[in-house]
Every structure is written in C-alpha cells, then in structure tokens.
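Trainee: Could you walk me through this one before I get back to the bench? I'd like to start with the empty spaces and then move on to a few residues.

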Amino acid sequence: MKTYRIAILGCRGRGTAAARAYHAHPRTQLVGICDLVEERRDTLGDEVNVTARFADVDEMIQETAPDIVAIPTGTEFHYDLCMRVLEHGVHIEVEKPMCIDLVQADAVIAKAAAKGGQVAVHHQGRVGASMQAIARAFHAGKIGDLRYIYGSGKGYYGGYGLMNIGTHTLNNMLHFGEQCRSVIAHLTTDGKSITPEDVVPSPSGMGTIAGEYITATMQFTDNVTGTLLQHRFNKMDTGAYAMELYGTEGRLFWKSGGAWWLPHPRYIPDGTHDRWEALELIYPEHYDAKNPGSEADYWFVEEYVNALDAGREHVCSGKEARHIIEIMMGIFESAAYGERVQLPQADRRHPLRRWREEAGLEPPAEMPRGYWEWLALESERLAQ
Ligand SMILES: NC(=O)c1ccc[n+]([C@@H]2O[C@H](COP(=O)([O-])OP(=O)(O)OC[C@H]3O[C@@H](n4cnc5c(N)ncnc54)[C@H](O)[C@@H]3O)[C@@H](O)[C@H]2O)c1
C-alpha cells in the first residue's frame with residue numbers, strides 16, 4: 001500500500017491541525033513544511049518532527065516531491081497559491097472557502113484538470129465522526145424519505161457567516177440534498193432589505209459580502225428543500241451551528257461532535273415522541289484519540305487516502321466546493337435582484353460587485369481584516 005507524501009504550506013492554526021492529522025495517519029508521511037515566518041516553521045517542524053523546512057513553496061515542492069500539498073492559509077491567498085501549487089502537477093487540499101468567487105473557482109478546477117491534480121477542500125465536518133453516524137442512519141432508512149434540511153450558523157454577521165461557516169453547512173447539506181438546483185434568499189441589514197450601499201468587503205479576506213441576516217431556501221434533488229440561516233446574534237452561539245434532516249419517518253440532528261436520531265417525523269413533547277437517541281460516533285479503525293489533533297481532520301485525511309487509492313475524488317472535492325460557491329453567490333444574487341436564481345449560473349462574476357457597479361457605485365472601500373474590529377466599524381456605519 002502506497003504511503004502518500006504530504007507537504008504543508010502555512011504553519012499556523014490550520015496548518016498545525018492538518019500537520020497533526022497527516023502525522024498521525026499510518027498512510028501519510030509529512031515530507032516538508034513551508035511558512036514565510038521562520039518561527040512558525042520551527043514550532044510546527046519540531047512538533048511533527050519534520051526537518052525539511054522552507055520559506056518558498058516552489059522550492060519545497062521541487063525538493064520534497066509531495067503527492068499532496070495542503071494549503072491552510074488566509075482565504076485571500078487561496079486562489080493564487082492553488083494555481084501556483086497545481087502548476088507542479090500535485091494534488092492539493094485547501095482550506096475553506098476554496099475561493100471568493102466563481103471566476104476563481106472555475107480557474108482552479110480547470111488548472112487541476114489540465115495538470116492532472118486533484119482538489120480537496122477542507123470541509124472536515126462532512127466526513128467527521130458525527131457525520132459518519134448521521135450518514136449511516138440516513139442510508140439505513142432510519143428517517144424514511146428526506147423532506148427538508150435545516151442549517152444554521154454561529155451568529156457572525158450574516159454575509160461573513162455564510163462565507164465562513166455556511167460553506168461547511170452547505171457541504172453537509174449536499175451530502176443529503178445532492179445538487180442544489182435553485183436558491184431564493186432574503187438579506188437584511190439594519191432591519192431593511194439590503195441595498196448596493198450595504199455591499200462591503202468581508203472580514204478575514206473572504207471577498208465581498210452583504211447582509212446582517214441571511215435567510216435562504218434551496219431547492220435540492222428530488223424536491224427536497226433546505227433552509228439556511230446565517231443570522232447575526234448579539235452574542236456568538238457556537239451551539240447554533242447545526243444541521244437537521246426531516247424525513248417521513250424521523251429526524252436526524254447533527255452538530256460537530258454529536259449526532260442524534262428522533263424515531264418520529266414530528267417532535268411532540270408528550271413523553272412518547274420526544275426521545276432523541278444519541279447515535280454512536282464512528283471513527284477509522286486505526287484512529288487513536290490520544291494523538292493530538294481532531295478526529296474530523298483525521299477523517300479528512302483518511303478520505304483523501306481512500307479516494308486516491310481508488311482513483312476517485314475526495315467527497316469534499318473542488319467541484320463540490322465550487323457548487324457551494326455557486327449556492328453562496330446565488331444567495332447574494334437572489335437577495336440583490338429579488339429573484340430566484342437557477343444554478344449553475346452562467347454569469348460567474350461576483351453578483352454583489354456587479355450589482356454595486358450597476359448602481360453606479362465604486363467598489364466598496366477597504367475595511368479591517370479582523371472580525372471584531374470590522375464589526376465595530378460596520379456597527380458604527382449602521383448607527384448613522
Ligand atoms: N476548516 C476549519 O475548521 C477552519 C477553521 C478556521 C479557519 N479555517 C480557514 O483556514 C484559513 C486560515 O488558516 P489559519 O487561521 O491557519 O491562517 P493564518 O493566517 O493564521 O496562517 C497562515 C500561515 O500561512 C503562512 N503563509 C501565507 N502565505 C504564504 C506563502 N505564500 N508562503 C508561505 N507561507 C505562507 C503565513 O505566514 C501564516 O503563518 C482560512 O481560509 C479559514 O477560513 C478553517
């Protein structure tokens with residue numbers, strides 16, 4: 001059995017998480033790490049015992065000949081780094097969201113196809129232990145036929161929540177909804193429907209966004225509908241980041257690290273129809289909880305190994321991630337133009353930038369990258 005050679009580009013929070021998972025997995029070997037900052041290379045290199053440390057990604061790839069390069073960097077760098085790394089004909093995994101618009105996503109997929117590389121996007125919730133449990137129950141028919149899917153965020157400003165957390169939730173929803181055919185959404189800022197003035201740059205380099213509150217309805221395969229809420233809460237509520245599947249015979253509730261089944265289609269607090277059963281979480285056979293790192297990141301590696309062995313794509317493939325960006329851009333477009341948007345959209349430009357331009361406005365002025373600083377400034381604008 002082949003051992004896959006892995007190189008990590010970016011040695012901070014997410015690079016450390018990725019490196020721990022690849023280090024722990026029996027079928028992957030870390031062969032190089034890269035960061036612009038020496039101290040970060042050294043901290044991570046010492047932890048995972050990698051001496052091949054680089055400041056330049058091209059040099060790292062030439063010298064270490066990896067099968068997969070992980071790209072856990074700030075979102076604004078994903079596009080350039082994906083294109084640069086794919087040029088070497090290697091496989092990649094990139095942090096979420098893959099890119100900030102469809103023009104970029106199309107180019108990355110085309111480059112991968114031209115170079116024979118695979119693209120996976122780090123939506124680890126889709127393959128983690130709780131989703132494995134939900135998927136097993138679902139495919140065993142425990143909720144009958146799927147009717148409806150609900151997903152919610154953690155309370156970030158809506159447009160940012162969509163790009164940051166909605167990308168995960170939509171990927172989870174697609175496991176069950178399969179394809180999203182159309183989307184209709186309503187976005188409000190300061191209690192009113194968004195206007196072109198409400199189009200702003202995203203915190204954390206996630207492109208262009210709008211909407212404090214996002215309520216979106218998706219039309220999935222076989223007439224299954226889904227609702228995604230990305231609402232700004234006064235106080236963050238990480239527990240609200242969840243997904244629920246409603247079927248003809250029961251319901252399944254997913255959150256990171258937990259999975260439950262209600263063996264009735266309706267929750268009625270009558271002592272009979274209100275008993276949610278915890279599902280046993282599922283881990284790869286060789287997973288050792290004593291290793292540092294998260295089980296979901298480990299599952300993500302396991303899935304990449306299995307996909308490459310079988311010559312198929314990762315379930316969190318670049319194409320799936322592009323479809324998620326289609327949904328997210330569709331949500332923005334639907335709210336801006338007041339119409340249902342059919343997917344995939346022919347016009348791949350960012351709909352909010354297009355909308356603002358059509359209103360005769362300049363692109364939005366720069367804002368701070370850090371979320372809380374960004375939010376303070378946006379709150380000031382809304383208070384005027
Ligand atoms: N999947 C998840 O659960 C999850 C959670 C949080 C964040 N994220 C995503 O992770 C990404 C951010 O990751 P992070 O917080 O670790 O980022 P970060 O900005 O803290 O660290 C990125 C590192 O990459 C290095 N780097 C950037 N460009 C480089 C280059 N050209 N060459 C060499 N090194 C370079 C930087 O010096 C830095 O050390 C975002 O896309 C975010 O959306 C994902």
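Mentor: Let us settle one term beforehand: helices here are DSSP runs of H or I with at least four residues, and they are numbered from the N terminus. Please also keep in mind that this is a predicted model.

Trainee: Okay, so which helix gives the largest share of the lining of the largest cavity?

Mentor: That is helix 1, which contributes three residues to the lining. The lining as a whole is made up of R20, A21, A24, Y287, D288, N291, P292, G293, S294 and Y298, and by class these divide into five nonpolar, three polar and two charged residues.

Trainee: How much space is in the largest cavity?

Mentor: About 40 Å³, and the count of cavities of 30 Å³ or more comes to one.

Trainee: Switching to pockets, what's the volume of the largest pocket?

Mentor: The largest pocket holds about 1,200 Å³ of space. Its lining has 47 residues, and those nearest the centre of the pocket are R14, P72, T73, G74 and E95. By class, the lining comprises 18 nonpolar, 16 polar and 13 charged residues.

Trainee: Which helices each supply at least two residues of that lining?

Mentor: Helix 1 (13–24), helix 4 (78–86), helix 6 (129–139), helix 7 (158–177) and helix 8 (295–310) each do so.

Trainee: And where does the largest pocket lie relative to the domains?

Mentor: It lies between domain 1 (4–125 + 290–318) and domain 2 (128–282 + 319–384), because both of them give residues to its lining.

Trainee: What about the second largest pocket, where does that lie?

Mentor: The second largest pocket also has lining residues from both domain 1 and domain 2, so it lies between them. Its volume is about 170 Å³, and it is lined by R126, V127, M131, Q132, A135, H175, W299, E303, N306 and V315. Helix 6 and helix 8 are the elements that give two or more residues to this lining, which by class has five nonpolar, three polar and two charged residues.

Trainee: New topic: H123. Is it buried or exposed?

Mentor: H123 has a relative accessible area of 1%, and since buried means under 20%, H123 counts as buried. H123 is found in the loop between strand 6 (119–121) and helix 6.

Trainee: Which residues does H123 touch?

Mentor: Leaving aside residues up to four places away in sequence, H123 touches K96, T167, H168, N171, F300, C316, A321 and I324.

Trainee: Last one, strand 13. How many of its residues are buried?

Mentor: Five of the seven residues in strand 13 (residues 225–231) are buried, which leaves the strand mostly covered.

Trainee: And how does strand 13 run against strand 7 and strand 12?

Mentor: Strand 7 (residues 146–152) runs parallel to strand 13 and is joined to it by five bridges, and within that pairing G151 has L228 as its bridge partner. Strand 12 (residues 213–220) runs antiparallel to strand 13, with seven bridges joining the two, and here M218 has G226 as its bridge partner.

Trainee: What's D222 doing in the hairpin of strand 12 and strand 13?

Mentor: That hairpin has four residues between the strands, and D222 takes a positive phi near 60° in it.

Notes
Residues numbered from 1 in each chain as written. Predicted model: local features only at pLDDT ≥ 70, side-chain atom pairs only at ≥ 80, totals over all residues. Heavy atoms only, no water. 1 Å grid on protein atoms, 1.4 Å probe; cavity = no way out; pocket = protein on both sides within 12 Å on 5 of 7 lines; lining within 4 Å. Points joined across faces, edges and corners; volume = space filled by probe spheres on them. Nonpolar A, V, L, I, M, F, W, Y, C, P; charged D, E, K, R; others polar. Domains from an automatic or database assignment. Buried < 20%, exposed > 50% of the residue type's maximum accessible area, 1.4 Å probe, protein only. Contact = heavy atoms within 4.5 Å. Pairing = 2+ DSSP bridges.
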